[in-house]
Amino acid sequence: MRRVSRPRVIRCAACAGRIKPQHPHIGVEDLEEGVEFSYHARSGCQIRCAEETATRLEAGKVYAMHHYHSSTCPDEAPGFGCAGGCFDTPMAVAN
Ligand SMILES: [Zn+2]
Ligand SMILES: [Zn+2]
């Protein structure tokens, strides 16, 4: 039996930099194709994330957003503005 091992290297779709899994990041999951785009939590990459997701939505895609918090985030049910300060608050993306 062949076992496929996938190295779990996540790259930011905005800046192509590597995202450490224990660091906060955003995942945008394409529900039709089962692929997920990842973005850094910092505001520049978040804005790119919002813009690119809006473009894909206009093309009729269906997405689910996931917010992955830092492994050290103290919030039990974390969201934006969590106690861990995982995500920069993006200025231009208020909806
Ligand atoms: Zn990035
Ligand atoms: Zn957090």
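Visitor: Hi! Is C15 buried, exposed or partly exposed?

Guide: Hello! C15 counts as partly exposed, because its relative accessibility is 37%. Please keep in mind that this is a predicted model.

Visitor: Sure. How confident is the prediction, then? What's the average pLDDT of the protein?

Guide: The protein averages a pLDDT of 86, and 86% of the residues score at least 70. Among the elements, β5 has the lowest confidence, with a mean of 91, while β2 has the highest, at 96.

Visitor: Back to C15. Which atoms coordinate the zinc ion (ligand 1)?

Guide: C15 is one of them, through its SG atom. The full set is C12 (SG), C15 (SG), H40 (ND1) and C45 (SG), at 2.0 to 2.4 Å from the zinc ion (ligand 1).

Visitor: And what geometry does that site have?

Guide: The site of the zinc ion (ligand 1) is tetrahedral, with angles of 97 to 120° among its four donor atoms. Along the chain, these donors follow the spacing C-x2-C-x24-H-x4-C.

Visitor: Which parts of the chain does the pair C15 and C45 tie together?

Guide: C15 sits in the loop between β1 (10–11) and β2 (18–19), whereas C45 belongs to helix α1 (residues 43–58), so the pair links parts that are 30 residues apart in sequence.

Visitor: Is C45 buried or exposed?

Guide: C45 counts as buried, because its relative accessibility is 5%.

Visitor: OK, what about the other zinc? Which protein donors does ligand 2 have?

Guide: The zinc ion (ligand 2) has H69 (ND1), C73 (SG), C82 (SG) and C86 (SG) as its protein donors, at 2.0 to 2.4 Å. Their spacing along the chain is H-x3-C-x8-C-x3-C.

Visitor: Why is the arrangement there called tetrahedral?

Guide: Because the four donor atoms around the zinc ion (ligand 2) subtend angles of 104 to 120°. To be called tetrahedral, four donors need all their angles between 85 and 135 degrees.

Visitor: Where do H69 and C82 lie?

Guide: Both H69 and C82 lie in the segment after β5 (63–68), so this pair ties together parts that are 13 residues apart in sequence. H69 counts as buried because its relative accessibility is 15%, and C82 counts as buried because its value is 7%.

Visitor: Changing topic: which residues touch the most other members in the largest nonpolar core?

Guide: Those are C12, I26, V28 and Y39, in a core of 15 residues. The elements that give two or more residues to this core are β3 (25–30) and α1. C12 also appears among the donors of the zinc ion (ligand 1).

Visitor: What does Y39 touch, if you skip residues up to four places away in sequence?

Guide: Y39 touches C12, A13, A14, I19, H25, I26, V28, C45, R48, C49, E52 and R56. That list includes two donors of the zinc ion (ligand 1), namely C12 and C45.

Visitor: H25 is in there too. Where is H25 found?

Guide: H25 is found in strand β3. Its relative accessible area is 5%, so H25 is buried. A polar atom of the H25 side chain lies 2.9 Å from the backbone oxygen of H23.

Visitor: Which residues is H25 in contact with, leaving aside neighbours within four places?

Guide: H25 is in contact with I10, I19, K20, S38, Y39, A41, H66, H67, Y68 and F87.

Visitor: Any polar contact worth a look in α1? What lies 2.7 Å from a polar atom of the Q46 side chain?

Guide: That would be the backbone oxygen of D88. Q46 is found in helix α1 and counts as buried, because its relative accessibility is 5%. The C-alpha atoms of Q46 and I26 are separated by 7.9 Å, with the two residues 20 apart along the chain.

Visitor: And R18, buried or exposed?

Guide: R18 counts as exposed, because its relative accessibility is 52%. R18 is found in strand β2 and touches V9, I10, R11 and H40, not counting residues up to four places away in sequence. The C-alpha atoms of R18 and H40 are 8.7 Å apart.

Visitor: Last one: what is phi of A16 near?

Guide: Phi of A16 is near 65°, a positive value in a residue other than glycine. A16 is found in the loop between β1 and β2, and A16 counts as exposed because its relative accessibility is 51%.

Notes:
Residues are numbered from 1 along each chain as its sequence is written. Chains are lettered from A and ligands numbered from 1 in the order in which they are written. This is a predicted model: local features need pLDDT of at least 70, side-chain atom pairs count only at pLDDT 80 or more; totals for chains, interfaces and linings use all residues. Side-chain values use heavy atoms; hydrogens and water are left out. Donors are N, O and S atoms within 2.8 Å of the metal (3.2 Å for Na, K and Ca); water is not among the atoms, so sites may look incomplete. Four donors count as tetrahedral if all angles lie between 85 and 135 degrees; four count as square planar and six as octahedral if opposite donors are over 155 degrees apart and all others between 65 and 115; anything else is irregular. Helices (H or I, at least four residues) and strands (E, at least two) are DSSP runs, numbered from the N terminus. Buried means under 20% relative accessible area, exposed over 50%, partly exposed in between (1.4 Å probe, protein chains only). Contact means heavy atoms within 4.5 Å. A nonpolar core is a set of buried Ala, Val, Leu, Ile, Met, Phe, Trp, Tyr and Cys residues joined through side-chain atoms within 4.5 Å. A polar contact is a pair of N or O atoms within 3.5 Å; within protein, one must be able to donate a hydrogen and the other to accept it, and residues adjacent in sequence count only if both atoms are side-chain atoms. pLDDT is the predictor's confidence in each residue, from 0 to 100.
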